[in-house]
Amino acid sequence: MRKKLKIGNLVRVNFIGSNYICEVIELVDKTTYKARNIKTGVIIPNLRWKAHKDKKSVWFIEAFISDTPGVKSTRSIDTRKKTTKKSELDRAIKKQKDFIKGNIKK
């Protein structure tokens with residue numbers, strides 16, 4: 001059963017004849033996923049369905065197990081954009097340069 005997976009889905013992954021339950025943590029492209037083994041925490045890159053796998057690949061997705069709501073992304077949410085205005089930054093750099101030169105203004 002080939003299904004378009006989402007982050008947080010549980011799948012059964014076959015790795016050299018052994019089956020492992022993994023959680024999808026990243027969508028690399030249209031047919032490639034990155035998953036984490038639930039028990040060991042090992043990350044398995046470049047996972048594909050058995051029908052789409054590369055000839056050299058030793059792991060592939062064997063079956064879809066379930067949807068699990070929860071984690072949307074493994075990337076940090078704490079990335080802020082445009083936190084400082086350029087004029088404020090220029091003033092701070094000028095004050096720092098003056099301080100290094102010994103010109104302290106109160």
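Let's start in the middle of the sheet: strand β2 (residues 18–27) and strand β3 run antiparallel and are joined by 5 bridges. Strands here, like helices, are DSSP runs numbered from the N terminus (E, at least two residues, for strands; H or I, at least four, for helices), and two strands count as paired if DSSP finds at least two bridges between them. Before going on, keep in mind that this is a predicted model, where local features need pLDDT of at least 70, side-chain atom pairs count only at pLDDT 80 or more, and totals for chains, interfaces and linings use all residues. Residues are numbered from 1 along each chain as its sequence is written, and side-chain values use heavy atoms, with hydrogens and water left out.

Back to our two strands. A hairpin of 5 residues links β2 to β3, and Glu 23 has Arg 36 of β3 as its bridge partner. Now look along β3 (residues 33–37), where the side chains take turns: Tyr 33, Ala 35 and Asn 37 point to one face and are buried, while Lys 34 and Arg 36 point to the other face and are not. Buried means under 20% relative accessible area, while exposed means over 50% and partly exposed lies in between (1.4 Å probe, protein chains only).

On its other side, β3 meets strand β4 (residues 43–47), again antiparallel, through 3 bridges. Here Arg 36 stands opposite Ile 43. These two strands form a hairpin with 5 residues between them, and Gly 41 in that turn has a positive phi of about 85°.

What about strand β1 (residues 10–15)? It pairs with β2 in the antiparallel sense over 6 bridges. You can find Phe 15 opposite Ser 18 of β2, and Val 13 opposite Tyr 20 of β2. The hairpin between β1 and β2 has 2 residues, and Ile 16 in the turn has a positive phi of about 50°. β1 also pairs with β5, antiparallel and over 6 bridges, with Arg 12 standing opposite Ala 63 of β5.

Put it all together and you get an open sheet of 5 strands with antiparallel pairing, in the order β4-β3-β2-β1-β5. β4 and β5 (59–66) stand at the edges with a single partner strand each, so one side of each has no neighbour in the sheet. On average, neighbouring strands of this sheet are turned by 40° against each other, direction ignored (axes are lines fitted to C-alpha atoms, for helices over the stretch in contact, and angles run from 0 to 180 degrees between N-to-C directions). What order do the elements follow along the chain? From the N terminus on, they run β-β-β-β-β-α.

So what gets tucked away? Nonpolar side chains tend to be buried together in soluble globular proteins. In this chain, the largest nonpolar core has 12 residues, among them Leu 5, Val 13, Tyr 33, Trp 49 and Phe 64. Such a core is a set of buried Ala, Val, Leu, Ile, Met, Phe, Trp, Tyr and Cys residues joined through side-chain atoms within 4.5 Å. Each of β1, β2, β3, β4 and β5 supplies at least two residues of this core. Overall, 21% of the chain's 106 residues count as buried.
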